[in-house]
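Please look over the structure shown here together with the report that accompanies it. The report takes up a few regions in turn and describes each by its surroundings.

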Amino acid sequence: MVLLEIKDISYRVKEKEIFSGLSLSVEPGEVHAILGKNGTGKSTLAYLVMGCEGYIPTTGEILFDGKSINHLLLHERAKLGITMAWQEPVRFEGISIRDYLTLKNKEIDPSKYLEMAGLHPVLYLNRMMDCTLSGGERKRIELASVVALYPRLVILDEPDSGIDMLSIQDILNIITGFKENGASVILITHREEIAIIADRASEICNGKIICSGTPLKVTQYYKTRKCEVCAGEECSFV
Amino acid sequence: MSELDELLKSFGEAGGDESILANTDIAHLVASGHKILSRKAVKGIELKAEDTGAGISASIRLLEGTHLLNPVHLCFGVLHRSGIQKINMRIKFEKDSEASFIAHCIFPKAEKVLHIMDAVIDIGENATMRYSEIHYHGIYGGIEVYPKARVIIGKNGRYFTDFLLINGRVGKLVIDYGVEVGENGVTELIARVFGHADDNISIKDKVALNGVNSKGLIKTRVAIENNARAQVIGVTEGNARGARGHVDCMEIVKDDAIAKAIPLVKVSNSLAKVTHEAAIGSVDKKQLETLMAHGLAPEEAVDVIVRGILK
């Protein structure tokens with residue numbers, strides 16, 4: 001049974017149509033990479049699935065476990081096991097990394113999850129989640145925190161952005177870890193070496209999925225920038 | 001139960017460590033209303049206190065070169081439903097001295113209580129004072145608190161203060177701190193307050209950076225809910241070459257509460273620099289959504305954010 005099914009959704013902001021008839025499905029335990037140029041709506045898709053405020057499909061349905069979640073609030077979707085790591089995670093004043101990682105479950109050992117994200121617990125557990133963290137450090141902590149939630153579906157919005165080239169393996173390990181835990185992953189990325197570990201991939205352009213298939217096929221396709229859906233303005237598909 | 005035992009009991013219930021009074025290595029001054037219940041000085045510190053009839057007059061002098069390992073505990077309170085406590089405090093840190101003070105202000109049953117603290121603090125050359133004031137108020141809101149301090153910091157002196165009132169009702173709070181900072185001196189004034197119901201919070205911190213290369217930070221964190229009101233005025237003057245000051249005010253507003261922030265910046269020396277930032281509003285939406293995506297209910301998420309800011 002499909003875990004997440006996005007059925008023919010459209011989403012409009014004022015006069016601008018972001019999606020028109022977009023459909024996508026994610027199987028249990030599947031890592032599904034989403035590719036697309038800047039401004040094609042990848043993050044918007046993430047917010048629609050997560051249920052961020054103001055993000056409700058104009059038409060169409062988002063089904064989780066076969067049930068519509070269109071009108072569920074964000075925290076209600078989180079209770080179903082959906083979570084997300086934002087592209088630019090926010091900082092928090094007065095909350096330690098230890099507290100952040102154990103927000104929902106005080107019983108877990110936060111060290112384990114920091115180590116998975118390539119951070120030494122001794123150096124980080126008692127630090128604050130504030131502006132003293134670099135963008136890359138904050139990103140890793142966010143990834144560690146969503147691993148600790150053991151979600152059923154996690155949306156990773158450009159998990160590699162702000163991460164140095166040498167540490168990409170840490171990100172790959174985390175994505176693999178989700179899969180090993182049985183979680184499904186929507187993986188939004190621009191990097192081929194990240195997308196390639198997915199089970200499937202899709203490219204978004206002009207409000208639609210224009211190509212789906214193996215990560216190799218879609219990344220090659222993405223690089224050629226071919227697209228007739230956008231009349232050649234975006235990617236010249238033929 | 002004696003008044004001292006009763007005060008200590010309330011102190012303990014508020015999370016304080018009652019054993020500090022029995023520790024002979026720790027200086028303390030304990031007063032309930034205008035009655036001085038206990039006092040102790042340790043080597044390097046002179047501590048005088050008396051009931052003048054109009055209030056408590058206290059004088060504390062840290063002798064030259066003294067470095068106290070343990071903080072000095074000041075424990076003040078009014079245990080009854082109504083009462084007045086006025087304290088005039090003179091604190092002198094002599095040259096090269098260093099110590100921390102923790103003031104516990106306990107008003108567990110206050111329905112009509114007035115607490116006035118008027119302090120004059122003199123931080124000598126190379127001296128450092130850290131002063132934390134922690135209030136434990138009851139649930140009734142019938143209290144008015146007026147903490148006032150005038151602080152003069154000498155060359156290379158350092159003065160750090162942290163005012164905390166996040167337990168119980170605030171009542172009416174009027175903070176009025178003024179600090180003059182000398183050459184290479186440093187000061188940090190931090191206030192954290194959580195107001196509820198019809199609590200009324202007024203905070204005025206003023207830092208005058210008068211000495212060359214002096215530094216000052218005013219940091220205020222206020223959360224208010226229901227019909228509470230808050231006004232925060234942070235004034236920093238850069239009056240000397242190399243002076244650096246910053247005013248940082250954040251106020252979180254819920255329900256029908258109303259907050260104001262007024263950062264005032266004045267620079268009278270072209271080689272001084274003072275900056276300010278003020279943010280007032282509801283809880284940050286992205287912070288809220290992040291915590292909800294971690295499985296917290298909206299109310300839990302707001303609580304985590306507010307408690308973090310006030311931490």
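What follows is a description of a predicted model, arranged by region.

## Helix α2 of chain B and its neighbour α3

In chain B, helix α2 covers residues 285–293 and helix α3 covers residues 298–310, and their axes come within 9 Å of each other while crossing at roughly 120°. An angle of 65 to 115 degrees would count as roughly perpendicular and one over 145 as roughly antiparallel, and the two helices are therefore oblique to each other. The crossing of α2(B) past α3(B) is right-handed.

On the α2(B) side, the residues that meet the other helix are B:Q287, B:L288, B:L291 and B:M292, and they face B:P298, B:A301, B:V302, B:V304 and B:I305 in α3(B). Sorted by class, this helix-to-helix contact contains 8 nonpolar residues, 1 polar residue and no charged residues. Following α2(B) comes B:G295, which has a positive phi near 100°.

## The contact between the chains

Chain A and chain B each put 20 residues into the contact between them. On the side of chain B that touches chain A, α2 and α3 of chain B each supply at least two residues, and α2(B) gives the most, with 8 residues. By class, that side of chain B is made up of 10 nonpolar, 5 polar and 5 charged residues.

How much of α2(B) is buried? Of its 9 residues, 7 are buried, so the helix is largely enclosed by the rest of the structure. The buried residues are B:Q287, B:L288, B:E289, B:T290, B:L291, B:M292 and B:A293. Their cover includes α1 (42–50), α2 (74–80) and β6 (82–85) of chain A, together with α3 of chain B.

## The nonpolar core and A:M50

The largest nonpolar core holds 164 residues, and those with the most contacts inside it are A:V49, A:M50, A:V154, A:I186 and A:L187. For A:M50, setting aside neighbours within four places in sequence, the contacts are A:L74, A:R77, A:I82, A:M84, A:I155 and B:A293. The last of these, B:A293, is among the buried residues of α2(B), and A:M50 is thus a residue of chain A in contact with a residue of chain B.

## Positive phi values in chain A

Most residues other than glycine have a negative phi. Against that background, A:D8 has a positive phi, near 50°, without being a glycine. A:D8 is found in strand β1 (residues 4–13) of chain A. Because 13 other C-beta atoms lie within 10 Å, and a count of 12 or fewer would be needed for an exposed residue, A:D8 is partly exposed.

A:N206 is likewise not a glycine and has a positive phi, of about 50°, but A:N206 lies in the loop between β9 (200–205) and β10 (208–213) of chain A. Is A:N206 buried or exposed? With 22 C-beta neighbours inside 10 Å, where 20 or more are required, A:N206 counts as buried.

## A:G207 in the loop between β9 and β10

A:G207 is found in the loop between β9 and β10 of chain A, and A:G207 is buried, with 22 other C-beta atoms within 10 Å. Leaving aside neighbours within four places in sequence, the residues in contact with A:G207 are A:E17, A:I18, A:F19, A:S20, A:L22 and A:G41. A:V26 stands 181 residues from A:G207 along the chain, and the C-alpha atoms of these two residues are separated by 18 Å.

Key. Residues numbered from 1 in each chain as written. Chains lettered and ligands numbered in written order. Predicted model: local features only at pLDDT ≥ 70, side-chain atom pairs only at ≥ 80, totals over all residues. Core = buried A, V, L, I, M, F, W, Y, C linked by C-beta atoms within 7 Å. Contact = placed C-beta atoms within 7 Å. Axes fitted to C-alpha atoms, helices over the stretch in contact; angles between N-to-C directions. Helix = DSSP H or I, 4+ residues; strand = E, 2+ residues; numbered from the N terminus. Parallel < 35°, antiparallel > 145°, perpendicular 65-115°, else oblique. Left-handed = near helix turned anticlockwise from the far one by under 90°. Nonpolar A, V, L, I, M, F, W, Y, C, P; charged D, E, K, R; others polar.
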